[in-house]
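User: Please take a close look at a single part of this model and describe how that part is built and what surrounds it.

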Amino acid sequence: MRYIPTSPAERISMLREIGCERIEDLFDQVPEKLRMDHPIGIGHPISEPELIEFFNRLASKNGTNNQFFLGAGAYSHFIPVVIDSLISRSEFLTAYTPYQPELSQGTLQYVFEFQTMVAQLTGMEVANASLYDGSTAVAEAVLMADRVTKRNKYLIAETVHPQYREVVTAYTRNLGVTVDYIQVGPTGAIDPEALAVDDRTAAVVVQSPNFFGCIEDLKSIADAAHRAGALLIVAVAEPLSLGVLKPPGHCGADIVVGEGQALGIPLSFGGPYLGLFATLEKYLRQMPGRLVGETSDHHGNRGYVLTLSTREQHIRREKATSNICTNQGLFALMATIYLATMGRRGLQEVARQNLQKSHYAAKKIAGLRGYQLRYSAQFFNEFVVKTPIPAAELVDRLIEKDIVAGLPLEDYYPDMRDSLLICVTETAKKEAIDKFAAELGRIV
Amino acid sequence: MKRAGENIKKATTHVVQNEGLLFEVSRPGKKGYSLPDLDVPEVAEKELLDLAVTRADDLEYLPELSEVDVIRHFTRLSTWNYGIDAGMYPLGSCTMKYNPRINERVARIEGLAGLHPMAPDRLAQGALEVILRLEEALGKITGLSAVTVQPAAGAHGELTGMMMIRAALTERGNPRKKVLIPDSAHGTNPASAVICGYTVETVPSNSVGCTDMAALTSMMTEDVAALMLTNPNTLGKFERNIVEICELVHARGGFVYMDGANMNALVGVVRPASTGIDVMHMNLHKTFSTPHGGGGPGSGPVAVSAELEPYLPYPRVVRRQDGSLAMDYNRPRSVGRIRAFYGNFGVLIRALAFILTHGDEGLREMTEAAVLNANYIAYHLKDTYEIPYPGRVMHEVIFSDKWQTRHGVRNSDIAKRLIDYGFYPPTMSFPLIVPGAIMVEPTESEGREELDLFIDAMKSINEEAARDPQLLKDAPFTTKVGRLDEVSAARKPVLRWRPGAESKREQG
Amino acid sequence: MANTPEDLAYTKDHEWIRAKGDLATVGITDYAQKQLGDVVYVELPKVGDRFEATEPFGSVESVKAVSEIYMPVTGSVVEVNETLNDSPEQINEDPYGDGWLIVVKMENPAQADGLLTSAEYEDYIKAEAGE
């Protein structure tokens with residue numbers, strides 16, 4: 001086996017050296033009746049060329065050649081080539097969690113840079129080293145609000161990604177938490193006046209841009225929450241929107257969570273992705289996840305270490321702020337490289353292109369007979385269109401034309417059969433958008 | 001000279017680049033990105049977005065760098081790290097093994113890496129097949145009935161498994177109140193149990209490092225929902241009474257959860273299902289070689305008995321009548337959704353590639369070589385470092401610093417000095433029940449030469465401890481930074497760069 | 001060799017208490033701070049909080065460990081040492097002076113008499129260390 005550096009002869013020699021006769025002797029702690037006497041059943045090993053062929057075959061069964069107008073929590077963006085080149089360096093790829101800081105300054109410094117840029121982007125004071133993804137980050141924020149306010153009632157907008165809400169339900173089911181849902185308003189955003197916040201509410205949870213692509217009135221929602229002593233948790237599923245939109249931290253959010261996939265991470269059928277988590281300094285010790293801090297060694301050289309570890313499971317065990325251990329290290333690096341490469345101006349430029357292209361598409365589609373924009377709220381790169389035939393059927397038909405038209409909302413909102421969630425990013429060429437609109441027009 | 005020395009064979013010093021923070025290297029006007037021009041007619045932004053929702057800070061303080069700056073910056077940072085490709089990484093319970101490059105190649109195939117998770121099933125047949133095949137393979141390895149690959153890491157898997165246990169007990173009429181966890185367990189175990197609404201009680205280990213049966217018998221009441229066990233445990237020992245343990249727990253209506261972090265000792269040799277456990281997780285980033293990435297991503301698939309199958313998170317990949325694959329959401333008894341989408345798909349591809357590359361023979365060989373390597377180290381160091389639980393070990397061996405403390409040095413000092421010898425230190429101070437623990441897991445990825453170098457280094461450090469303990473206390477000498485002030489870092493946390501921030505001494 | 005002032009009373013959880021009338025100042029002992037290492041953070045209750053004897057009222061953290069602190073007597077908190085927020089190291093440097101944690105109004109001052117004397121506490125920690 002080519003991954004095992006000891007030759008069979010060496011292994012026999014090592015066995016003898018330590019006083020064993022056969023390899024089976026090594027397992028003498030294991031009761032005989034528990035030892036397998038037959039192969040696992042997976043089959044024979046396959047060679048490298050055969051393995052490539054196997055996966056190529058599987059890949060060819062996926063429809064990545066289609067033009068996708070899908071968002072809904074995962075976004076197609078141009079990924080700078082330097083990212084893959086840099087993360088493939090084995091000192092990043094094959095390194096462990098930076099518990100021994102003297103041998104891990106590379107990892108620790110980029111995490112410090114990541115924490116800084118997440119805080120800058122979201123407009124918050126402090127960010128952690130990452131959580132698994134946007135959905136679990138929302139759940140962790142809910143658990144944190146419980147710890148901070150000592151209340152256990154939540155108001156969650158139904159415009160928060162439905163899968164994020166399902167994860168919150170699963171996480172909080174056994175913790176005596178009550179969740180009420182805030183209805184979407186007629187504009188596509190929630191109505192801050194209609195928030196039933198009271199002094200038992202731990203937090204209000206919204207997403208902006210929301211699942212329908214609409215931008216929420218975060219300032220008013222924050223005011224309403226704070227008046228009742230509740231926290232505002234804002235989820236950001238499309239962080240590129242922060243290149244042009246006022247960040248939740250500048251609108252009064254107490255905790256900002258997000259999905260960092262849009263920051264240079266491939267779609268990869270849903271994972272691995274990157275959970276973002278940022279909050280205010282006053283809540284620092286209630287924050288889940290790893291944190292890297294700046295310090296110095298005894299010569300005065302600047303260095304970085306994991307810090308405030310007493311919040312975490314390996315020290316606090318059952319009283320920890322979270323059970324999280326492994327997080328998304330390499331993917332935090334990808335996002336850091338993305339932000340470094342795009343930089344301030346690149347981020348603004350790519351956000352601008354998303355905004356322009358999606359509005360161009362929306363206008364064109366809304367101009368087609370039988371179609372109209374469902375909501376009037378402002379949007380970034382996603383919008384909902386009312387379709388002349390059930391959206392699910394429309395999507396099916398357009399696949400014949402190598403176009404994935406969007407997400408039929410009926411999947412998550414059963415009474416919205418004629419609504420399609422469309423996403424247009426900088427990757428959609430004008431011709432592709434025009435072709436899309438033409439095909440939509442042909443449906444009627 | 002203190003730091004070099006004839007005994008240090010594996011490492012030497014070499015010039016390494018300095019590099020500041022991105023924000024310090026940034027200069028206004030530098031550009032590193034490349035985008036096509038906007039090809040649709042542009043509309044004035046204020047017609048699309050109100051001022052009230054528009055960002056007003058011009059993204060001040062986000063860096064501006066050229067592509068060369070970016071490459072230099074991260075390349076230099078990488079040179080300050082130690083990865084498994086450089087040498088042995090003997091971290092106990094972490095299974096730092098070789099990350100095969102073929103896995104990296106196949107994970108990047110565009111048809112796999114570029115697929116949107118909301119793509120209709122008919123456009124995702126290849127992806128669904130990856131998931132199904134991996135679930136089947138892990139099912140065969142564990143002997144359990146069904147597998148979910150959704151959890152993003154081991155701890156996430158633990159949470160999922162405990163949720164399922166609670167759901168099953170709730171359906172029976174009583175979720176119960178407590179979970180029993182051995183004193184040698186990983187901290188994620190109690191933390192996960194608590195999120196499920198349980199309180200935790202600690203089961204002591206006996207003198208040979210296994211679960212104390214008498215204690216367990218008296219603690220296992222009808223208030224106990226489950227026992228969470230690691231097997232082999234964090235002391236490197238196989239729980240020889242595992243069958244009896246499971247029978248006891250089952251007889252009183254509870255479930256047994258197995259933390260599968262140490263599967264590298266069992267694959268192809270023991271099927272966990274045959275020990276009687278009900279549910280377990282595996283760590284793909286340990287046993288199945290997916291890269292550790294400096295702290296993730298991982299993946300923590302959970303395997304369950306037939307009894308717990310209905311509670312698995314949704315969706316599940318199923319094969320329809322016509323042979324095609326689909327996502328099934330119709331799972332009324334499921335614990336729900338534990339994450340968006342389907343799992344750390346990129347990690348799943350790598351693990352599947354690893355399993356297929358090994359096949360039955362290779363996987364068994366992997367386990368045997370891993371256990372041999374650990375016993376080889378134990379044998380050669382048993383007279384140098386105390387082994388609190390002597391005898392055969394499985395894939396990892398626990399030493400303690402007991403014999404070295406009489407010279408005034410502790411396990412952390414030994415760790416820091418080992419860095420000068422060119423090794424990443426083993427896991428320190430875990431499990432908590434071994435004072436001064438040094439937990440060594442070589443994995444199968446080490447050849448005899450590397451193992452011998454490690455053994456020699458550990459012996460040399462032991463001699464240094466007796467001869468010149470201060471040497472250990474001041475180590476390491478050869479890294480970019482020396483021991484760092486973790487106390488100040490915790491007292492006055494500085495968790496981000498701010499403009500105008502001054503470091504104590506400017507780094508290049 | 002830890003310092004154990006004679007005029008204080010002690011608990012087996014390594015707290016000390018200086019009683020005057022029905023008020024008592026509480027802290028952790030020199031032995032405890034040595035075991036813990038450099039203190040980085042202290043979590044203290046609020047003025048007005050009431051606790052039973054042996055109930056945890058806060059925690060002390062070092063870089064790698066957390067220890068809960070337990071009430072030696074039943075009472076309500078009347079004063080909290082806020083200087084520990086900025087200077088937690090006082091617990092290491094002066095555990096019986098500037099490192100004090102809280103002052104409580106005891107509900108039953110006689111409870112303080114049931115605690116360990118300095119000699120009893122010294123014997124206790126000798127035995128613990130000898131294990």
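Analyst: A three-residue hairpin connects β6(C) to β7(C) in this predicted model. Strands here are DSSP runs (E, at least two residues), numbered from the N terminus. The two strands run antiparallel and are joined by five bridges, where pairing requires that DSSP find at least two bridges between strands. Within this pair, Ser59(C) has Glu68(C) of β7(C) as its bridge partner. β6(C) also runs antiparallel to β4(C), with four bridges, and there Val42(C) is the bridge partner of Val60(C). Because six of its seven residues are buried (under 20% relative accessible area, 1.4 Å probe, protein chains only), β6(C) is largely enclosed by the rest of the structure.

Chain C also touches chain A: 10 residues from chain C and six residues from chain A take part in the contact (heavy atoms within 4.5 Å). The two chains bury about 590 Å² between them, 48% of it on carbon and sulfur atoms; this is the accessible area (1.4 Å probe) lost on being put together, summed over both. Tyr41(C), Glu61(C) and Val66(C) supply 55% of the area that chain C buries against chain A.

There are three salt bridges between chain C and chain A (side-chain nitrogen of Lys or Arg within 4 Å of a carboxyl oxygen of Asp or Glu). One of them joins Arg316(A) and Glu61(C) at 2.7 Å, N to O. β4 (39-43), β6 (56-62) and β7 (66-70) of chain C each give two or more residues to the side that touches chain A, and β6(C) gives the most, with three residues.

Residues are numbered from 1 along each chain as its sequence is written, and chains are lettered from A and ligands numbered from 1 in the order in which they are written. Local features need pLDDT of at least 70, side-chain atom pairs count only at pLDDT 80 or more, and totals for chains, interfaces and linings use all residues, while side-chain values use heavy atoms, with hydrogens and water left out.

Notes:
Buried < 20%, exposed > 50% of the residue type's maximum accessible area, 1.4 Å probe, protein only.
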